[in-house]
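Subject: Handover of a structure, with notes

Dear colleague,

I am passing on the structure below, together with my notes on it. Please read the notes with the structure open beside them.

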Amino acid sequence: MFALHVYRCVECGRRIQSDKHLSSCPHCRCKVLIHESGERRKSCSCGGSRCGTCGSCSCG
Ligand SMILES: [Zn+2]
């Protein structure tokens with residue numbers, strides 16, 4: 001078992017799987033990725049329900 005992160009790019013809409021944190025889309029280099037699953041980078045008090053903080057910490 002390994003930590004797998006799933007991101008979705010808001011620019012091209014592709015779903016990207018990675019075993020490490022990504023800061024930009026490998027397809028179009030968009031820097032806005034939605035963290036859909038995987039270990040969270042930081043703990044966030046919202047519990048993953050995407051509060052305003054999640055935009056910057058990518059916990060959602
Ligand atoms: Zn993209």
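The notes that follow begin with confidence and overall make-up, then turn to the sheet, and end with the loop between two of its strands.

Please keep in mind that this is a predicted model. The mean pLDDT of the protein chain is 75, and 58% of the residues reach a score of at least 70. Confidence varies among the elements of the chain, with β2 having the highest mean pLDDT, 92, and helix α1, which covers residues 54-57, having the lowest, 50.

As for the overall make-up, the protein chain contains one helix and three strands, and these follow one another along the sequence in the pattern β-β-β-α. Of the 60 residues in the chain, 13% are buried. If one takes the contacts between residues at least 6 apart in sequence, 27% of them join residues that are at least 24 apart.

The three strands make an open sheet in the order β2-β1-β3, and the pairing is antiparallel. Its edge strands are β2, residues 15-18, and β3, residues 33-37, each of which pairs on one side only. From one strand to the next, the twist averages 30°. As a general point, the strands of a sheet pair through backbone hydrogen bonds, in either a parallel or an antiparallel sense.

Strand β1, which spans residues 5-9, pairs with β2 in the antiparallel sense over four bridges. Going through the positions of β1 in turn, V6 stands opposite Q17 in β2, Y7 has I16 of β2 as its bridge partner, and R8 has R15 of β2 as its bridge partner. The two strands form a hairpin with five residues between them, and in the turn G13 has a positive phi of about 75°. The pairing of β1 with β3 is likewise described by four bridges, with the two strands running antiparallel, and here C9 stands opposite L33 in β3.

Which side chains of β1 point to the buried face? The side chains alternate along this strand, so that H5, Y7 and C9 point to one face and are buried, whereas V6 and R8 point to the other face and are not buried. Y7, the bridge partner of I16, and C9, which faces L33 across the sheet pairing, thus both belong to the buried set.

Two residues in the loop between β2 and β3 deserve a separate note. K20 is found in that loop, and K20 counts as exposed because 8 other C-beta atoms lie within 10 Å, where the cut-off for exposed is 12 or fewer. The C-alpha atom of K20 is separated by 9.6 Å from that of G38, although the two residues are 18 apart along the chain. R29 is found in the loop between β2 and β3 as well, and R29 counts as exposed because it has 10 C-beta neighbours inside 10 Å. The phi of R29 is near 65°, which is a positive value in a residue other than glycine.

With best regards

How values were computed. Residues are numbered from 1 along each chain as its sequence is written. This is a predicted model: local features need pLDDT of at least 70, side-chain atom pairs count only at pLDDT 80 or more; totals for chains, interfaces and linings use all residues. Two strands pair if DSSP finds at least two bridges between them. Axes are lines fitted to C-alpha atoms, for helices over the stretch in contact, and angles run from 0 to 180 degrees between N-to-C directions. pLDDT is the predictor's confidence in each residue, from 0 to 100. A residue is buried if 20 or more other C-beta atoms lie within 10 Å of its own, exposed if 12 or fewer, and partly exposed in between; C-beta atoms are placed from the backbone. Two residues are in contact if their C-beta atoms, placed from the backbone, lie within 7 Å.
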